[in-house]
Amino acid sequence: MTKTLKGALLLSVLACAAHAEDVTLTIESWRNDDLKIWQDEIIPAFEAEHPGITLKFTPSAPAEYNAILNSKLDAGSAGDIITCRPFDASLALYDGGKLADLSDLPGMANFSDVAKSAWITDDGQHPFCVPMGAVIHGFIYNKEIFAELGLEEPKTVAEFHDVLAKIKEDGSYIPMAMGTNDQWEAATMGYQNIGPTYWKGEEGRTGLIEGKAKLDDPAFTEVLSELATWGDYMGDGFEAQTYPDSQNLFTLGRAAIYPAGSWEVSGFNGLADFEMGAFPPPVKAEGDTCYISDHTDIGIGMNAASAHPEEAKVFLDWVASPEFSKIFANALPGFYPLASEPVEITDPLAAEFASWRDECQSTIRSSYQILSRGTPNLENELWNASANVIRGTESPEDAAKRLQEGLSSWYDKQK
Amino acid sequence: MPKPHVLIFLAPAVLVYTAVMIYPLFDTLRLALFAADGQERVYVGLANFRRLFLDPLWSDQFWNALGNNFWFFLIHMLVQNPIGVALAALLSSPRLRFAAAYRTAIFVPTILSFVIVGFAWKLILSPIWGIAPSLLDAVGLKSLFAPWLGKEAYALTTLALISVWQFVGIPMMLIYAALLSITEEILEAGEVDGITGMAAFWKIKLPLILPSIGIISILTFVGNFNAFDLIYAAQGALAGPDFSTDILGTFLYRTFFGFQLQLGDPYMGSAIASAMFGIILVGVCIYLFGIQRRLRHYQF
């Protein structure tokens with residue numbers, strides 16, 4: 001028994017010695033859907049260029065990721081590379097000394113301030129994760145229905161209403177596939193989708209954080225007023241329509257327009273047997289600057305206690321490079337790399353979404369940074385308020401006032 | 001001093017029950033007296049309860065959830081239990097054929113998972129794919145259809161009725177068992193005195209099953225004030241539309257575990273859990289001391 005054990009020990013020591021220069025980096029992630037993409041495309045591409053570093057992608061289930069990661073970090077058994085949730089969850093890890101400061105990583109120069117905003121300290125000095133992927137909001141539409149009814153992509157809000165009214169008048173199709181049962185679509189695909197156009201993207205969003213703008217200012221109330229008009233164009237009984245209901249209505253060709261996030265692209269490609277197009281949130285008047293919600297969703301950082309910080313930084317620098325962006329964008333259509341340098345995307349629908357980055361100003365969802373830390377929680381309130389105004393049970397003005405009261409009750413800069 | 005073998009026989013149950021029920025219960029009550037201060041846990045006395053009951057940010061939600069809980073309970077008491085008693089009375093009728101088949105069919109939903117029940121009823125009532133609108137259409141009553149689960153005025157009642165549909169088998173079975181235990185001699189003695197048919201039910205059977213109805217009421221009370229699963233499965237943790245289906249269970253879940261961008265607050269969550277415990281305790285005490293002791297028990 002002792003002999004075998006000694007033998008095994010000796011063997012393992014020898015094995016280690018033989019690969020002394022080889023470093024294995026373990027990657028923690030919640031994207032178990034992406035396991036194949038990492039193993040078949042991302043990891044081989046990196047290892048081919050960096051002999052001596054091997055990567056191991058070890059994802060866990062999305063719902064359990066935060067809890068598992070936290071306990072692994074506390075126990076000191078977490079991997080070297082850590083996939084970062086946006087905003088407060090990761091910020092808490094950085095503040096707790098679990099994530100390393102990446103301000104001296106050369107690759108960080110490839111990202112804009114908006115892209116970095118999800119993984120940076122409140123003062124904007126210390127980034128701690130490399131931005132990896134974003135999702136873009138807009139509207140996906142059924143090209144066949146548009147051709148049949150002789151409609152064109154609307155550019156302004158007036159044209160948008162015109163298109164919706166025409167589809168409704170024709171009566172064969174539901175103008176807009178959305179419901180309020182699950183509430184989050186109303187806020188995410190409604191309020192945060194069209195909102196940046198009204199509050200001028202970053203200007204309004206940072207204005208809220210700095211206390212210069214208020215949620216009941218005309219710019220913000222208008223968004224809710226616009227949402228209030230949507231209810232007329234939704235299907236019968238939209239009050240009880242769920243998110244999967246809406247997806248099915250659209251992909252079965254029963255609805256013409258789907259307020260979307262780009263993450264739908266790969267799913268819809270597989271389900272819809274008609275040609276799809278996409279248009280960005282319509283602007284108020286022809287020629288106005290357009291704004292899109294280009295929301296930071298996935299980042300990647302380094303365990304502060306990693307035994308191989310140098311190698312980990314080499315990998316993170318590679319993630320920040322255009323080469324990684326290209327692989328990532330095409331392996332997962334609908335998730336966009338955040339680097340400032342544009343990449344070529346082959347999926348036409350996903351490419352359409354990405355093309356708006358050139359025409360429009362990017363921003364992120366207004367409630368995600370700092371503003372959802374208190375009670376009442378702004379994000380939850382937005383779900384509720386957006387769904388209420390679409391259902392017509394609360395006036396946009398009342399809803400806006402309630403949102404502002406909620407925020408100012410705990411956020412000092414809004415008092 | 002009890003005999004040693006009594007202690008030994010009690011030990012497994014007492015130990016397991018203490019570890020998984022009593023200790024967590026008291027720890028929750030203790031946790032409700034603390035709050036987070038940065039990374040530290042500090043003792044704050046009853047401050048969490050003051051916030052919960054007096055700070056409008058919390059108390060509005062709390063009273064709303066409590067009110068909804070009472071409505072949920074009331075529907076069960078007014079619909080589930082009378083139907084359960086009626087079904088049991090029908091089933092115990094000796095002339096009824098296929099009694100076993102009915103009994104099984106009515107009891108089966110009770111053993112289904114909440115998730116399945118919530119999902120199935122959401123589909124049945126769906127304005128898009130559901131069979132409810134087409135069934136109503138077939139009898140010319142389409143105008144009565146509304147997206148019930150999406151309307152503030154109807155959603156909670158609809159969910160309560162779904163829950164009634166699922167659980168009506170439980171009062172039925174308990175009452176059925178109570179009815180079967182009534183001996184023939186009593187009924188025959190009644191017949192001799194001229195009490196037959198419906199009168200036999202009201203004058204002989206009902207008084208004899210009253211203790212069972214009491215037990216069912218208290219089970220319904222505890223079950224309803226602990227309810228969570230059906231609402232969560234059908235409407236999500238935000239209990240839409242506009243919190244009209246929010247009950248204490250969903251309120252507790254949101255607060256304790258957090259939701260979307262809202263980080264969990266185990267201390268306020270424990271305060272809500274303690275309040276729920278208190279409400280149920282008071283309810284059960286009222287029943288035990290106010291009602292059960294006055295119930296007359298008949299011995300045959």
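Buried means under 20% relative accessible area, exposed over 50%, and partly exposed in between (1.4 Å probe, protein chains only). The model is predicted: local features need pLDDT of at least 70, side-chain atom pairs count only at pLDDT 80 or more, and totals for chains, interfaces and linings use all residues. Residues are numbered from 1 along each chain as its sequence is written, chains are lettered from A and ligands numbered from 1 in the order in which they are written, and side-chain values use heavy atoms, with hydrogens and water left out.

**Exercise 1. Classify A:Arg402 by accessibility and place it in chain A.**

Step 1. Find the element: A:Arg402 sits in helix α17 (residues 396-408) of chain A. Helices (H or I, at least four residues) and strands (E, at least two) are DSSP runs, numbered from the N terminus.
Step 2. Read the area. A:Arg402 has a relative accessible area of 24%, so this residue is partly exposed.
Step 3. Take a distance. The C-alpha atoms of A:Arg402 and A:Lys168 are 32 Å apart, with the two positions 234 residues apart along the chain.

**Exercise 2. Work out how strand β1 of chain A is enclosed and which strands it pairs with.**

Step 1. Count burial. In β1(A) (residues 23-29), six of the seven residues are buried, so the strand is largely enclosed by the rest of the structure.
Step 2. List the partners; two strands pair if DSSP finds at least two bridges between them. Strand β2 (residues 53-59) of chain A runs parallel to β1(A), joined by seven bridges. The chain passes from β1(A) through helix α2 (residues 35-49) to β2(A) in a right-handed β-α-β crossover. Right-handed means that, with the strands pointing away from the viewer, the path from the first strand over the helix to the second runs clockwise. Strand β3 (residues 81-84) of chain A is also parallel to β1(A), with two bridges.
Step 3. Pick one residue. A:Ile27 has A:Phe57 as its bridge partner in β2(A), and stands opposite A:Ile81 in β3(A).

**Exercise 3. Describe chain B and its confidence.**

Step 1. Take the inventory. Chain B holds 13 helices and four strands. Of its 300 residues, 38% count as buried. The C-alpha trace spans about 75 × 70 × 35 Å along its principal axes.
Step 2. Check pLDDT, the predictor's confidence in each residue, from 0 to 100. Chain B averages 90, and 97% of the residues score at least 70.
Step 3. Find the extremes. Confidence in chain B is lowest in strand β4 (residues 262-263), at a mean of 76, and highest in helix α7 (residues 155-167), at 96.

**Exercise 4. Find the unusual backbone geometry in the loops.**

Step 1. Recall the norm. Most residues other than glycine have a negative phi, and most peptide bonds are trans.
Step 2. Look for cis bonds. The bond from A:Thr375 to A:Pro376 is cis, with omega near 0°; A:Pro376 lies in the loop between β9 (361-363) and α16 (378-391) of chain A. B:Gly240 and B:Pro241 are also joined by a cis bond, with omega about -10°. B:Pro241 is in the loop between α11 (229-235) and α12 (248-257) of chain B.
Step 3. Look for positive phi. A:Gln183 has phi near 65°, in the loop between β5 (174-176) and α8 (184-199) of chain A. B:Phe98 has phi near 60°, in the loop between α3 (56-91) and α4 (99-107) of chain B.
Step 4. Contrast their surroundings. A:Gln183 is buried, at 3% relative accessible area, whereas B:Phe98 is exposed, at 57%.
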